[in-house]
Amino acid sequence: MRISCMILLIAMVPVVMGTDDIELSVGPMVSNLVPMDASYGERFLTPGTSTGISVDVDAPGPLAFRITGEYFWKHSSPTGWDGSVDAWLVSVMPMVERRLLGQLSVFAGAGGTYVSGNYSGTDDFGEFVEVSGSSAGFVAGLGVQVKLAGPLSGRLEYRRSFVGFKTDNAVVDGRESTIYPPTEIDLGSSQFCMTFPVSIFGGGDSVF
């Protein structure tokens, strides 16, 4: 709920400041997301799924501003491991866009990201470990977008985020425990995203 409210408030900035020549687009987002931490690959082998929403504020010229909020989960393992991972991700990126042919355009950008997640599962010593935490870092993305019909567009994007996290606390077999030395976890990820933004206002084919 907090993440949804934050995205809504950011998206309302152009409304408060004036909407002349500014286009606002909103759309659903889905991706196959792979956490970069080595333990994820060892346990799960395959990518997980994230779903969310993307908000674009497009100013005149090549510059745009993209805010996304996603929920990621992976609750089954091909190896039969009993662990699970889930996380919330919020990213804010200035983007540079360039139209190529007809309704096709390309874009690239970089910005900041925030990750809050939970991990649980049996470790190599037979103990059930639960760890949660949050951190901020950097994210970069690039991709292509094509106008489909009216206010609807389709977007394919690749993203790579860089987020580190260190903790000395965990729940082991149901008991709060201190970890020494502290464990370092890579909260970064790699993902291919598919988004279908709808122009709400400010564009030639906007809804309003």
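**Salt bridges and ring contacts around R66**

In this predicted model, a salt bridge joins the side chains of R66 and E157, at 3.6 Å from N to O. The two residues belong to distant parts of the chain. R66 lies in strand β3, whereas E157 lies in strand β7 (residues 152-162), 91 residues away. R66 is buried, with a relative accessible area of 1%. E157 is buried as well, at 1% relative accessibility.

R66 also meets E97 in a salt bridge, at 4.0 Å from N to O. E97 is in strand β4, so this pair ties together parts that are 31 residues apart in sequence. E157 has a further partner in R159, at 2.9 Å from N to O. Both R159 and E157 are buried. Shared partners join these salt bridges into one network of D56, R66, E97, R155, E157 and R159. In total, the model holds 8 salt bridges.

Two arginines of this network also face an aromatic ring. The charged end of R66 sits over the ring of F107, 4.5 Å from its centre. The charged end of R155 sits over the ring of F107 too, 6.0 Å from the centre.

Aromatic rings also pair with one another. The count is 7 aromatic pairs. One of them is formed by Y71 and W88, which are tilted, with 5.0 Å between centres and 50° between planes. Y71 lies in strand β3 (residues 63-74) and W88 in strand β4 (residues 84-99), so the pair ties together parts 17 residues apart in sequence. Y71 is partly exposed, at 24% relative accessibility. W88 is partly exposed, with a relative accessible area of 41%. Elsewhere, ring pairs link Y40, F44, F72, W81 and Y119 into a cluster.

Terms used
Residues are numbered from 1 along each chain as its sequence is written. This is a predicted model: local features need pLDDT of at least 70, side-chain atom pairs count only at pLDDT 80 or more; totals for chains, interfaces and linings use all residues. Side-chain values use heavy atoms; hydrogens and water are left out. Rings of Phe, Tyr and Trp (its six-membered ring) pair if their centres lie within 6.5 Å; planes under 30 degrees apart count as stacked, over 60 as edge-to-face and the rest as tilted. Helices (H or I, at least four residues) and strands (E, at least two) are DSSP runs, numbered from the N terminus. Buried means under 20% relative accessible area, exposed over 50%, partly exposed in between (1.4 Å probe, protein chains only). A charge sits over a ring if NZ of Lys or CZ of Arg is within 6 Å of the ring centre and within 35 degrees of the ring normal.
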